[in-house]
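Let's take a tour of a protein chain, going from its big divisions to its strands. Have a look at the picture before you read on.

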Amino acid sequence: MAEKKIQKRWLIYCEPCSFRSTIMEEEIKGFTEVPLVDTPGGHPKRNPETKKVETPKSLPRAKMFKCPQCGRGVIAKPLPDIYVKTIEDVEKEKLKKQDAERKKVQEERRIKEEEFINEKKDRST
Ligand SMILES: [Zn+2]
């Protein structure tokens, strides 16, 4: 089975000008992203077990885009990923449908032929 393509989405809502839009991963180029640094995970701490100073991992920050309407930076809210039907999936579905239709036609023809044969038999007897 073909792997399903996952697409990331974000929602941007600019309060001052009430611009609202969903950004799909493939549309991201159409928006100006404001680069943000990752949120630091905290102060470096000494691990009592390894006796080494460890810096907590930084947390990935939310994306920020420039509002296409007023130019303000708007934090994008991540939306749940969606599955995108690939062209392959669409083709497969089409073939499946065609196959089912063909079988239906064959079955109808078979029934008609049987009826015809039975009719013949009825006449001959
Ligand atoms: Zn705006």
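Which domains does the domain assignment give for the chain? It gives domain 1 (1-84) and domain 2 (86-125). Keep in mind that this is a predicted model. The C-alpha centres of domain 1 and domain 2 lie 53 Å apart.

Now for the strands. Strands of a sheet pair through backbone hydrogen bonds, and they can do that in a parallel or an antiparallel way.

Start with E1 and E2, which make a hairpin with four residues between them. In the turn you'll find Ser-18, and its phi is positive, about 55°. The two strands are antiparallel and share six bridges. Zooming in, Leu-11 has Thr-22 in E2 as its bridge partner, while Arg-9 stands opposite Met-24 in E2.

This hairpin belongs to an open, antiparallel sheet of three strands, in the order E2-E1-E8. E2 and E8 are its edge strands, each pairing on one side only. On average, neighbouring strands of this sheet are turned by 25° against each other, direction ignored.

There's another open sheet of three strands, ordered E3-E6-E7 and again antiparallel. Here the edges are E3 and E7, and each pairs on one side only. E3 is joined to E6 by two bridges, and Glu-33 stands opposite Phe-65 in E6.

Here's where to find some of these strands:

| Strand | Residues |
|---|---|
| E1 | residues 5-14 |
| E2 | residues 19-24 |
| E3 | residues 33-34 |
| E6 | residues 64-66 |
| E7 | residues 73-75 |
| E8 | residues 77-84 |

Terms used
Residues are numbered from 1 along each chain as its sequence is written. This is a predicted model: local features need pLDDT of at least 70, side-chain atom pairs count only at pLDDT 80 or more; totals for chains, interfaces and linings use all residues. Domain bounds come from an automatic or database domain assignment. Two strands pair if DSSP finds at least two bridges between them. Axes are lines fitted to C-alpha atoms, for helices over the stretch in contact, and angles run from 0 to 180 degrees between N-to-C directions.
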